Amino acid sequence: MPDQPLQPFTSPFALFDRLRFSGSLPADGEMVIWALYAVFAFWAVYTIVAIYHWLKYSNASWIAFPSMAIHLYVSFALMSYALSGNAFFFSKYLP
Amino acid sequence: MKEFELEPGEHVVREARKHWLLFVVELLPFAILAILPFALPRLLVLAPPMAPYAAYFDYHTVLGRAGLGVWLLVVWTGAWGAFTRYFLNAWVLTNQRIATIKQRRFFYREVSSLLLPRVQDVTTNVHGILSSLLNIGNIKVQSAGAEIEFTMRGIPLPEQMRDLILKYVSAAPKSTGV
């Protein structure tokens, strides 16, 4: 058993101080924006992978392009809603 | 076909997928998740001890709106991913073979073929009231000799598919093994 007293936990953000990132740590509002961009980046990767599968394996089915177009339209509407509150056609259905 | 090269004289007779109703059932969890942020505040109000928490679901604030937008985006993308997997899973009957294409997840794809002259038995089964009413069932195709078995689950009009397979099995030239 170590005889040293327990150290209190420090905030994970203290890591930024150690890494000298404290000056560039975004404010709360900016944190939300960055979190949104992270989600959108994940969405972009997922969508690219799915589109790759549609193009490669759907055997040139007529449904491939409408499916991708609808997905992109709805997704951009939801992204726009998250960022600005304007969801194009869906605005009237959302608060 | 990109999954496999068709032989000279080979053509696709039918491409079958799971019945659309089974896909709709698969979409149900996504529908529930999409409704959840709208239903939850109303449900919380009904339970007095939890009622104060309903105030957290205010979508007129910037944070609330962003959260709702991201939630719906994730649910929508998940549902579209489910549709992609549904569509890319297929059974293809040609005049020479049966091929099953299984897209288990992205970058995980299995394509296997069974030559029609090797088909020994084709069994269909339709279980349950709903399956009987909507004519949804399974087809099991067994090959001669080796223990190869193809099962198509939840396809529409299984009897019609079985008859079609048997029609092409009888028309396919038998291998002499030489």
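**Notebook: chain B, its sheet and its contact with chain A**

I began with one pair of residues and noted that B:Leu93 has B:Ile98, in strand S3 of chain B, as its bridge partner. I keep in mind throughout that this is a predicted model.

**Entry 1, the sheet.** From that pair I moved outwards to the two strands, and found that strand S2 (residues 90-94) and strand S3 (residues 97-105) of chain B pair in the antiparallel sense over four bridges. I reminded myself that strands of a sheet pair through backbone hydrogen bonds, either parallel or antiparallel. I then looked up the whole sheet, which is an open one of four strands in chain B, in the order S1-S2-S3-S4, with antiparallel pairing. At its edges I noted strand S1 (12-16) and strand S4 (108-115) of chain B, each of which pairs on one side only. On average, neighbouring strands of this sheet are turned by 15° against each other, when direction is ignored.

**Entry 2, the helices on the sheet.** Which strands does helix H2 of chain B lie across? I found that H2 (residues 62-88) lies across S2, S3 and S4 of chain B, and that it runs at about 165° to S3(B). For helix H4 (residues 158-171) of chain B I wrote down S1, S2 and S3 of chain B, with an angle of about 155° to S1(B).

**Entry 3, two backbone angles.** I looked up B:Asn135, which has a positive phi of about 60° although it is not a glycine, and which lies in the loop between helix H3 (129-134) and strand S6 (136-143) of chain B. B:Leu157 is also not a glycine, and its phi is positive at about 50°; I located B:Leu157 in the loop between strand S7 (149-156) and H4 of chain B. Is B:Leu157 buried or exposed? I classed B:Leu157 as partly exposed because its relative accessible area is 37%, and that value falls between the cut-offs of 20% and 50%. B:Asn135, with 25%, is partly exposed as well.

**Entry 4, the contact with chain A.** I finished with the interface, where 29 residues of chain B are in contact with 35 residues of chain A. Together the two chains bury about 2,700 Å², of which 77% is on carbon and sulfur atoms. B:Arg65, B:Leu73 and B:Trp80 supply 25% of the area that chain B buries against chain A, more than any other three residues. H2(B) gives the most to the side of chain B that touches chain A, with 18 residues. How many salt bridges cross the interface of chain B and chain A? I noted zero salt bridges, whereas seven residue pairs are in polar contact across this interface.

Conventions. Residues numbered from 1 in each chain as written. Chains lettered and ligands numbered in written order. Predicted model: local features only at pLDDT ≥ 70, side-chain atom pairs only at ≥ 80, totals over all residues. Heavy atoms only, no water. Pairing = 2+ DSSP bridges. Axes fitted to C-alpha atoms, helices over the stretch in contact; angles between N-to-C directions. Contact = heavy atoms within 4.5 Å. Buried < 20%, exposed > 50% of the residue type's maximum accessible area, 1.4 Å probe, protein only. Buried area = accessible area lost by both parts, 1.4 Å probe. Salt bridge = Lys/Arg side-chain N within 4 Å of Asp/Glu carboxyl O. Polar contact = N/O pair within 3.5 Å; in protein donor to acceptor, adjacent residues only side chain to side chain.
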